[in-house]
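Please look over the sequence and the structure shown here before reading on. The report below moves from the whole chain to one sheet, and then to the interior.

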Amino acid sequence: MTHASGASGRGSSPAQGRSAVSAQRTSADRLLLTEGRPHLWRTVALFLSATAAAGAGLVLPAALGRTLDLLLTGGGTGGGAEATRWLAVCAALTCALVVLDAADTVLTGTLNSRTTARLRFRLVGHLLAVGPLRADRFAHGDLVTRCTGNAAHAGTGPSSVASALAAVVTPVGALVALALLDLRLAAVFLAGTPLLVLLLRAFSRTSTDCVTRYQETQARLAGRLVEALTGARTIAAGGIRERERARVLEPLAELSAHGHRMWHVQGRATAQAAVLVPLLQVAVIAVGGLLLTAGELSVGGLVAAARYAVLAAGVGTLVGQLNALVRGRTAAQRLAEVLDVAPMTGGRRMVPEHTPDVGAGRLELCGVRASYGGETVLRGVDLVVPGGTTVAVVGRSGAGKSLLAAVAGRLVEPETGQVLLDGVDLAELDASALRRAVGFAFERPVLFGATVGEAIAAGVPDDAGQIREARVRTAARAACAEEFVLTLPYGYDTPCEQAPLSGGEVQRLGLARALAQGGRVLILDDATSSLDTVTELKVTRALVGSGDADGADGRAEGMAGPRTRLVVAHRASTAARADLTAWLDGGLIRALAPHDQLWEQPAYRALFGTGSADG
């Protein structure tokens, strides 16, 4: 399977690459704006708090300079009282800075956490809405990185913008203050300003590329780690631990290189600023000293000018703010890549009510075309599953049986063609109505819920009321799961993490969950592969005969007929118990007939390892 690496514009023309990057940045900005809007008041409060702190920081040097002048000159008549008042002003400004800094910390923390939570909530919800096939273009480890680290960095976007805008107030205000003290002081400082601007621009451009490559490599490393953890048993059994460890850690050298480059870029910008800023400060102080000698500037004015020169050249603060902005925006671009994947949309129609003539769980695939991993697998499949029947889908490995099952239940959207349930296109059905009407059981089910009982009840509608428990128990019996559930320490109330389950037992619980859901169609994607022959026989009899969760006659609640079943089969015995067998070959339905009729063909028998494939 090919996964997206998150890289953009590589392998294409420079113009296309720039266009793609521009589009991603626009999407990232739109995402941050959308998710930050509900917390706009916090962003504004943070900006005002930071701006007020900057303002207090700008007033303080002037107040200190005025106080110093009064103390040095003695102040004349009433000068002592005035000096005391200015000392009080300095103390008040200092206290205000402490309070505003605390408010800045609180507002930044709450804004970041709430924005991050919204981003993660939206990202996870979107991933569930796009469907498994579309989401599968991203490696699982990559998605984990995007939902955790990248979301946390992107969540700092609104606060970084507010803080960066407020940070501009300090150098601009300091420059204005220098001009108010003496225009020549401001002119000296402005002479070196173009160099500061070029420094910040170069840092922003270079650090963006560094952060992007670092996050992409980090995601690739996480993807390989998840793959290794998933296949831990295979790695141990194959004795390939060292080789797999080397494969997982292979991107580490590249990650380290990008990390060092990031620190090199930031360190170089800081070093350049460390040379340029002191020169500007010395120049301002030198001119201030000359003005002091000429009697055109007081001692307090010189002290204030020295402080304003430091504030005006506050490149370190701006570099930090720019770095936070770059990280947040780059992370938001990675989130936007996922959110740009179009979700599967549903309609508003409900499944039609049953009448003697309309609706019996009839499932129709009409000219269905679908791809997997960039390769067309289903090439115009036409298949009719009569209502209330069981149809087994067989075919060679890789023929597309699981993809057909996913399309039949609209876990995957076909590229062309339609899937109809009782004459209604699945794409036109309300999403909740569709999931109530079509149930799934998989080869490797994942159990959700705190207890075993809740895991089975996950597919039961919340409005089932008192019959919920009865449906769970009936479904467990039909799936041959109750016999081992009752041996658990607390039966159905046993926490899932305290229930040591084999692969076959987990598979039976997955079957029970699908049976408890009810609905008109039940799709089994190799859902009995881990069961022994005897248990599979019992389960199959329950599926194709009586024994559904909704009653002994196999009728789901609100249905007028037995449930329709589409079964992906790998065993001849499973196909033999079905009413019809759909033989999938070359992306098309080669035949649809009872198993006994198809068994006469050697090529069909060869699917199960029997007979010759010739003819």
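## Surface and overall make-up

The chain exposes an accessible surface of about 29400 Å², and carbon and sulfur atoms account for 60% of that area. These values come from a predicted model, not from an experiment, and the description that follows should be read with this in mind.

The chain is built from 23 helices and 10 strands, and 45% of its 615 residues are buried. Among the contacts in the chain with a separation of 6 or more, 76% are between residues that lie 24 or more positions apart.

## Cysteines

A search of the whole structure for disulfides returns 0. A disulfide is a covalent bond between the sulfur atoms of two cysteines. As for individual cysteines, Cys-90 counts as buried because its relative accessibility is 6%, which is under the 20% limit. Cys-366, with a relative accessible area of 28%, is partly exposed.

## The four-stranded sheet

An open sheet of 4 strands is arranged in the order β2-β1-β4-β5, and its pairing is antiparallel. The edges are formed by β2 (375-385) and β5 (424-425), each of which has a single partner strand, so one side of each is left without a neighbour in the sheet. Strands of a sheet pair through backbone hydrogen bonds, either parallel or antiparallel.

Strand β1 (residues 363-372) is joined to β4 (residues 416-421) by 5 bridges in the antiparallel sense; within this pairing, Arg-369 has Thr-416 as its bridge partner, and Glu-364 stands opposite Leu-420. The antiparallel pairing of β1 with β2 extends over 8 bridges, one of which places Val-368 of the first strand with Val-381 in β2. These two strands, β1 and β2, form a hairpin with 2 residues between them, and Gly-373 in the turn has a positive phi of about 60°.

## The helix on the sheet

Which strands of the sheet does helix α14 touch? Helix α14 (residues 401-408) packs on the sheet through contacts with β1, β2 and β4, and its direction makes about 125° with that of β1.

Because 7 of the 8 residues of α14 are buried, this helix is largely enclosed by the rest of the structure. The buried residues are Lys-401, Leu-403, Leu-404, Ala-405, Ala-406, Val-407 and Ala-408. Just after α14, Arg-410 takes a positive phi of about 60°.

## Nonpolar cores

The largest nonpolar core has 35 residues, and the members that touch the most others are Leu-365, Leu-378, Leu-404 and Leu-566. Helix α14 supplies the largest share of this core, with 6 residues.

Which residues surround Leu-566, leaving aside its neighbours within four places in sequence? Leu-566 is in contact with Leu-363, Val-385, Val-391, Val-393, Leu-404, Ala-408, Leu-522, Ile-523 and Leu-524; of these, Leu-404 and Ala-408 are also among the buried residues of α14. Apart from the largest core lies another core, of 29 residues, which includes Ala-441, Val-452, Ala-478 and Ala-516.

How values were computed. Residues numbered from 1 in each chain as written. Predicted model: local features only at pLDDT ≥ 70, side-chain atom pairs only at ≥ 80, totals over all residues. Heavy atoms only, no water. Buried < 20%, exposed > 50% of the residue type's maximum accessible area, 1.4 Å probe, protein only. Contact = heavy atoms within 4.5 Å. Areas by Shrake-Rupley, 256 points an atom, 1.4 Å probe, with all protein chains shown as cover. Disulfide = S-S within 2.5 Å. Pairing = 2+ DSSP bridges. Axes fitted to C-alpha atoms, helices over the stretch in contact; angles between N-to-C directions. Core = buried A, V, L, I, M, F, W, Y, C linked by side-chain atoms within 4.5 Å.
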